[in-house]
Every structure is written in structure tokens, then in C-alpha cells.
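Notebook open, structure loaded. I wanted to look up how some of the helices pack against each other.

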Amino acid sequence: MIRRADDTDELIMSLAERQYGVVSRAQLLHAGIGSDQVAARVRRGRLRPLHRGVYLVGPLLVPRARFMSAALCCGESARVSHGSAAVLWQTGESAAGATMVDVTIPPHDRRRRPGVRIHRIELQPDEVTTLDAIPITSPVRTLYDLARTLAGRDLERVTAETLAQRVTDRADIERLVTRYRHRPAAGRLMAVMGMDPPPALTRSDAEEALLALIRKAQLPRPATNVRVQGCEVDLYWRAERLVVEMDGFSFHGWRRRFESDRRRDAVLAAAGLRVMRVTWRQLENEPEGILVRLTQALMRSP
């Protein structure tokens, strides 16, 4: 026989449903639930502690509950930030096996929480927001925070991904850089934003490896993953009218894909563009040969 939950349990469930199955003690007390009622449910396992004063309601811990519970345990002003915010904004990747959640709190707040990486920073009102009910730093503030520790290609990649996701734009980034212009992170971010062509977004490990090879050889930087003659190409040197496409054995083992790529090559060639194809095996076994071919192709630019 299914018993109907009492009003208190219904209220707890209602709060939890809006927050990925987690609630804080402060929220329960504010809703009029007594501390003895909270303690009784903890003893019976109806509320399972995740952090100090934060509980899981129900049997399953969904992925976003980690972020929500970390923010709840750090107070009303806390915001998920840095790498954890980048994961939620889909502009960065979490480290394999990462268990810590990045949370920013005001500088005067001295609390510490196991499993939470605390950052004490004074955030401006336009640098915070919510994402699907999770308190979080804005995309542009998240990018700036990452610029404090990232540099080079890592910062270029996350900047390109932030712009590609369209969660912010160049104007927002430039405004924040101006706000913190005397700080090192702003300088690094300004350098990336001033790149020509703009920060590159790669879609495969092979593209990333080839870009690293190009930078090491100090060859002109290409645009990446751009549309040319109606086709999306991997690397493109506009002035030299050169396209480089990456081939992978498992990817191009399918006859249909092979034929489609050759039709693309024909379309690009008809428009006066040269197409050079590079395989992962060539990148691994003969990188010098690729550089020679690429250098010669760039030197033969029209």
C-alpha cells in the first residue's frame, strides 16, 4: 500500500525537485521545518548529508547535484566558478576523476568545506548569474578566472569554445578586460583576443597536433573550422587560398564519407583553392615531411 507523504515531506520534495535533489538546512528552517524534524529525517536516512548542512533527498545523486550542493554549503553569496563553471557552460572540460568543485565566495568569508575548492574573490553584480537554478559566475567572468591560470594554447582553446557556444561575445570580454586591465589575467586574455585570425577552435586531436606543429615551425596561423564555398574545412589560409583537411583511418573507412570528401575537394578546387590532406599516421610518423609539404604549399600561394 502506497502511503501519502505528509506536508513536511511534500515541502522537502518540492524544494529538492528544483535543485537536482538537494536541499540545505538553512532552506528547510526558512521554510518552517523545525530542526528536530530535520534531525529525525537525517537519522532515518530520508536526508543524506552531502556537505555540512546540505542533504540529498532521494536515492540518486545526479551529476549537477555536485555543483548545486557545493554552492549551497558555502552560503547565499557562493557561486560555482573557474573550471567547474566552465564545465557547466560547456566551455571547458573537467579533469578525469576530478572530485573538487570550484566555488567563489566573498573575501571576508573564511569558511572551508571538504570537497570544495574555495576561491575568495569580490565579484561584481554583472559577473554572477544562475544557470538552470545553479548560482554561477557569468561566462565572461568564468573565462577571466581561467585566464588567471591558463596560458598559450590552453587559454586560446577555452576562449574559442566560449565564443563558439555564444554564451558571451567579444564586446563582453573586452569590457571585462578593460575593468581588470592592470592584472596579469587581463593581459593574457587581451593577447588572445588580439590574435589574427581569432582564437582557434579545433574539433579533433589531429587538428590540435597539427596546429601545435604549425606554431612550433612559426608558420602563418590558419583559421580553423570555417565555412568556405559552403563547406566546413579544418584549416584555412585565406590569403594563400590553401585548405588542409584531416583524414583518420577509422573515420574515412566508410566509402560514403570518402566519396563525400572527394566531392568537397572538387568543389574547393573549382573555386581556385588548393586542398592538402593529412592523416594521423603522418602526424605521428613523419611530422617533418608534413611541415615541408605545408611550407612549400604556403610559399606557392597565388
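Started with helix 7 (residues 152-164) and helix 9 (residues 184-193): their axes come within 10 Å and cross at roughly 70°. This is a predicted model, so I read everything below as computed. Angles of 65 to 115 degrees count as roughly perpendicular, and helix 7 and helix 9 are therefore roughly perpendicular to each other. I also checked the hand, and helix 7 passes helix 9 in a right-handed crossing.

Next I asked myself which residues in helix 7 meet helix 9. From helix 7 I noted Leu155, Glu156 and Thr159. Across from them, helix 9 brings Arg188, Leu189, Val192 and Met193. Sorted by class, this contact of helix 7 with helix 9 has four nonpolar residues, one polar and two charged.

Then I moved on to helix 6 (residues 139-147) and helix 8 (residues 170-179). Their axes come within 10 Å, and the crossing angle is roughly 55°. That angle makes helix 6 oblique to helix 8. For the hand of this pair I wrote down right-handed.

Last lookup: which residues make the contact between helix 6 and helix 8? Helix 6 puts in Val140, Arg141, Leu143 and Tyr144, and they meet Asp172, Ile173 and Leu176 in helix 8. My class tally for this contact of helix 6 with helix 8 is five nonpolar and two charged residues, with no polar ones.

Note on methods. Residues are numbered from 1 along each chain as its sequence is written. This is a predicted model: local features need pLDDT of at least 70, side-chain atom pairs count only at pLDDT 80 or more; totals for chains, interfaces and linings use all residues. Side-chain values use heavy atoms; hydrogens and water are left out. Axes are lines fitted to C-alpha atoms, for helices over the stretch in contact, and angles run from 0 to 180 degrees between N-to-C directions. Helices (H or I, at least four residues) and strands (E, at least two) are DSSP runs, numbered from the N terminus. Angles under 35 degrees count as roughly parallel, over 145 as roughly antiparallel, 65 to 115 as roughly perpendicular and the rest as oblique. A crossing is left-handed if the near helix is turned anticlockwise from the far one by less than a right angle, and right-handed if clockwise. Contact means heavy atoms within 4.5 Å. Ala, Val, Leu, Ile, Met, Phe, Trp, Tyr, Cys and Pro count as nonpolar, Asp, Glu, Lys and Arg as charged, and the others, Gly among them, as polar.
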